[in-house]
Amino acid sequence: MARHIAEFIDDQQKGKMMLDYETRLKAALRSLGASPEVVQDALLSLQSYGSQEDQLVEEFGEPEEYANALMPDAKVRSKAGFIISGVVLAVLIWLVLRLAKEAEWMAFEPYWNFSLLFSLGAVVLGIGIEFIRYLRSGK
């Protein structure tokens, strides 16, 4: 048991994931926006080299490097776009409700008590959208 833990820590320190080569390659390609056909072609190209990860790394390099070689012009999608949008929206909601309270606009008065909830809801929504995008990317 202790040996397995030591191996896991070694792998983590080397930056290796506990996922197989194909899974890591699929995730890397999807994060670059590869079509399913490109992913399938890349996986088919691996089959002729066996299933040993050491052989695949020797032939193609790390999965992330191989994915970048297959799609050199691809851009990595932002992983925080909706979170940042949620924070900006939260600040705007709070400011509008604060200004409405200061201006004593009666239509907004009942909403002031919930302004923090609305603001946090916008942030949670942004985090939720990013989490769903992460799950759909296959990582």
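Here's a quick briefing on the fold, the core, the salt bridges and the surface of this chain. Keep in mind that this is a predicted model. The chain has eight helices and zero strands, and buried residues make up 22% of its 139 residues. Two spots get most of the attention below: a network of salt bridges that links R24, E62 and E64, and a nonpolar core with 15 residues.

**Overall layout**

- Reading from the N terminus, the elements go α-α-α-α-α-α-α-α.
- Take the contacts between residues at least 6 apart in sequence: 67% of them join residues at least 24 apart.
- The chain's accessible surface adds up to about 10,000 Å², and carbon and sulfur atoms account for 62% of that.

**Nonpolar core**

- The largest nonpolar core has 15 residues, and the members touching the most other members are Y21, L25, L29, L46, F60, Y66 and A67.
- Helices α2, α3 (36-47), α4 and α5 each give two or more residues to this core.
- If you leave out residues up to four places away in sequence, A67 touches L25, A28, L29 and L32.

**Aromatic pair**

- There's one aromatic pair in the structure.
- The partners are F60 and Y66: their ring centres sit 4.6 Å apart with the planes at 40 degrees, so the pair counts as tilted.
- That label follows from the cut-offs, because planes under 30 degrees apart would be stacked and planes over 60 would be edge-to-face.
- Both rings belong to buried residues, F60 and Y66, and both residues also show up among the core members that touch the most others.

**Salt bridges around R24**

- The structure has two salt bridges, and R24, E62 and E64 are linked through them in a network.
- In one of them, the side chains of R24 and E62 come together at 2.9 Å, N to O.
- E62 lies in the loop between α4 (53-60) and α5 (63-70) while R24 is in helix α2 (residues 21-31), so this bridge ties together parts that are 38 residues apart in sequence.
- R24 also bridges to E64, with the closest N and O atoms 3.2 Å apart.
- The R24–E64 pair links distant parts of the chain as well, with R24 in helix α2 and E64 in helix α5, 40 residues apart.
- How do the three residues compare in burial, buried or partly exposed? R24 counts as buried because its relative accessibility is 5%, under the 20% limit.
- E62, in contrast, is partly exposed at a relative accessible area of 23%, and E64 is partly exposed too, at 35%.

**Helix α6 and the surface**

- A nonpolar patch on the surface is made up of I84, V87, V88, V91, L92, W94 and L95, and together they offer about 610 Å² of accessible area.
- V87, one of the patch residues, is found in helix α6 (residues 81-102).
- With a relative accessible area of 39%, V87 is partly exposed.
- V96 is found in helix α6 as well, and it's partly exposed with a relative accessible area of 43%.
- V96 and W112 are 16 residues apart in sequence, and their C-alpha atoms are 9.7 Å apart in space.

Conventions. Residues are numbered from 1 along each chain as its sequence is written. This is a predicted model: local features need pLDDT of at least 70, side-chain atom pairs count only at pLDDT 80 or more; totals for chains, interfaces and linings use all residues. Side-chain values use heavy atoms; hydrogens and water are left out. Rings of Phe, Tyr and Trp (its six-membered ring) pair if their centres lie within 6.5 Å; planes under 30 degrees apart count as stacked, over 60 as edge-to-face and the rest as tilted. Buried means under 20% relative accessible area, exposed over 50%, partly exposed in between (1.4 Å probe, protein chains only). Patches are made of residues with over 30% relative accessible area and no salt bridge: like charges are joined within 9 Å, nonpolar side chains (Val, Leu, Ile, Met, Phe, Trp, Tyr) within 5 Å. Accessible areas come from the Shrake-Rupley method with a 1.4 Å probe; for residues, only the protein chains shown count as cover. A salt bridge is a side-chain nitrogen of Lys or Arg within 4 Å of a carboxyl oxygen of Asp or Glu. Helices (H or I, at least four residues) and strands (E, at least two) are DSSP runs, numbered from the N terminus. A nonpolar core is a set of buried Ala, Val, Leu, Ile, Met, Phe, Trp, Tyr and Cys residues joined through side-chain atoms within 4.5 Å. Contact means heavy atoms within 4.5 Å.
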